[in-house]
Structures are given as C-alpha cells and as structure tokens.
Amino acid sequence: MTTLTGVFDTDDDPLAGFPARPSEIRIGYARVSTGGQKLDRQVDALTLARCQRIFREKKSGKSDARPELKACHAFLEPGDTLS
C-alpha cells in the first residue's frame, strides 16, 4: 500500500510543479470602463463558473490605477484560478 504521508508538508519546495496545499478556489474579476455600463452579465457568468469571490470594478482603460484588480491579485494563492 502506498501512502501520501509527508507529501503536503509545510517544507515543500516552493518551486514545485504543484502547490503545497491546493486551494482550488476560483476567483473572478469583472470590469467595465464607464459608469453607464453594467457589471451584471460578467458577474452572472462568473457566478455560473462557481467563483467563490468576485472582485468588481468600474475603471477606464486609460487609467492603470485599478484597486480591485490589485486586491484580487493580493487575494490569490497558489492553486487558485482567476477567471
């Protein structure tokens, strides 16, 4: 019998091909560029994709200041999926 004892130790190699503790969390990011546009369709699609956390933003494409995108990236952990 083969066991997986020690496979997910905290001392795993950080450069390994898989995360030490897979989280399997799906994170969503929805953005529109004008105040007149609505996020509803994107949020509905991300919800259907089973995103457990959805970051929303109304920011122009001219500006690179996107606080929700920055927060989204900070929230991500190895093994998470960004949709």
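## A tour starting from Glu-57

Select Glu-57 first and display its surroundings: leaving aside neighbours within four places in sequence, Glu-57 is in contact with Tyr-29, Ala-30, Arg-31, Val-32, Leu-39, Arg-66, Pro-67, Glu-68 and Leu-69. Bear in mind throughout that this is a predicted model. Glu-57 itself sits in strand 2, which covers residues 53-58.

Stay on this residue and add the side chains of Tyr-29 and Arg-66. What does the side chain of Glu-57 meet in a polar contact? The partner is the side chain of Tyr-29, at 2.6 Å. Glu-57 is buried yet takes part in no salt bridge, and the nearest side chain of opposite charge, that of Arg-66, lies 5.1 Å away; a salt bridge would need a side-chain nitrogen of Lys or Arg within 4 Å of a carboxyl oxygen, so the Arg-66 side chain at 5.1 Å does not form one with Glu-57.

Now zoom out and colour by secondary structure. The protein has 2 helices and 3 strands, and from the N terminus on these elements follow the order β-α-β-α-β. Of the 83 residues in the protein, 17% are buried. Among contacts with a separation of 6 or more, 53% are between residues 24 or more positions apart.

Next, select Ala-30, Val-32, Leu-39, Val-43, Leu-46, Cys-51 and Ile-54 together, since these 7 residues make up the largest nonpolar core. Strand 1 (26-32) and helix 1 (40-48) are the elements that give two or more residues to this core. In soluble globular proteins, nonpolar side chains tend to be buried together. Within this set, centre on Val-32, which, apart from its neighbours within four places in sequence, is in contact with Gln-37, Lys-38, Leu-39, Gln-42, Glu-57, Lys-58 and Lys-59; the list includes Glu-57, where the tour began.

From the core, keep Cys-51 and add Cys-72. How many disulfides does the structure hold? The count is 0, because the sulfur of Cys-51 is 9.3 Å from the closest cysteine sulfur, in Cys-72, which is too far for a bond. Cys-72 is likewise in no disulfide, its nearest cysteine sulfur being that of Cys-51. Cys-51 counts as buried because its relative accessibility is 12%, and Cys-72 is also buried, with a relative accessible area of 0%.

Move to Arg-50, which lies in the loop between helix 1 and strand 2. Is Arg-50 buried or exposed? Arg-50 is exposed, with a relative accessible area of 66%. Its backbone deserves a look as well, for the phi of Arg-50 is near 65°, a positive value in a residue other than glycine. Most residues other than glycine have a negative phi.

Then select Asp-80, in the loop between helix 2 (67-75) and strand 3 (81-82). Asp-80 is buried and has no salt bridge, the nearest side chain of opposite charge being that of Arg-26, 10 Å away. What does the side chain of Asp-80 reach at 2.8 Å? At that distance lies the backbone nitrogen of Glu-77.

Finish on Ala-71, a residue of helix 2, which counts as partly exposed at 31% relative accessibility. With Phe-55 also selected, draw a line between the two C-alpha atoms: Ala-71 and Phe-55 are 16 residues apart along the chain, and the separation of these atoms is 8.0 Å.

Definitions and conventions. Residues are numbered from 1 along each chain as its sequence is written. This is a predicted model: local features need pLDDT of at least 70, side-chain atom pairs count only at pLDDT 80 or more; totals for chains, interfaces and linings use all residues. Side-chain values use heavy atoms; hydrogens and water are left out. Helices (H or I, at least four residues) and strands (E, at least two) are DSSP runs, numbered from the N terminus. Buried means under 20% relative accessible area, exposed over 50%, partly exposed in between (1.4 Å probe, protein chains only). Lys and Arg count as positive and Asp and Glu as negative; His and the chain ends are not counted. A polar contact is a pair of N or O atoms within 3.5 Å; within protein, one must be able to donate a hydrogen and the other to accept it, and residues adjacent in sequence count only if both atoms are side-chain atoms. Contact means heavy atoms within 4.5 Å. A nonpolar core is a set of buried Ala, Val, Leu, Ile, Met, Phe, Trp, Tyr and Cys residues joined through side-chain atoms within 4.5 Å. A disulfide is a pair of cysteine sulfur atoms within 2.5 Å.
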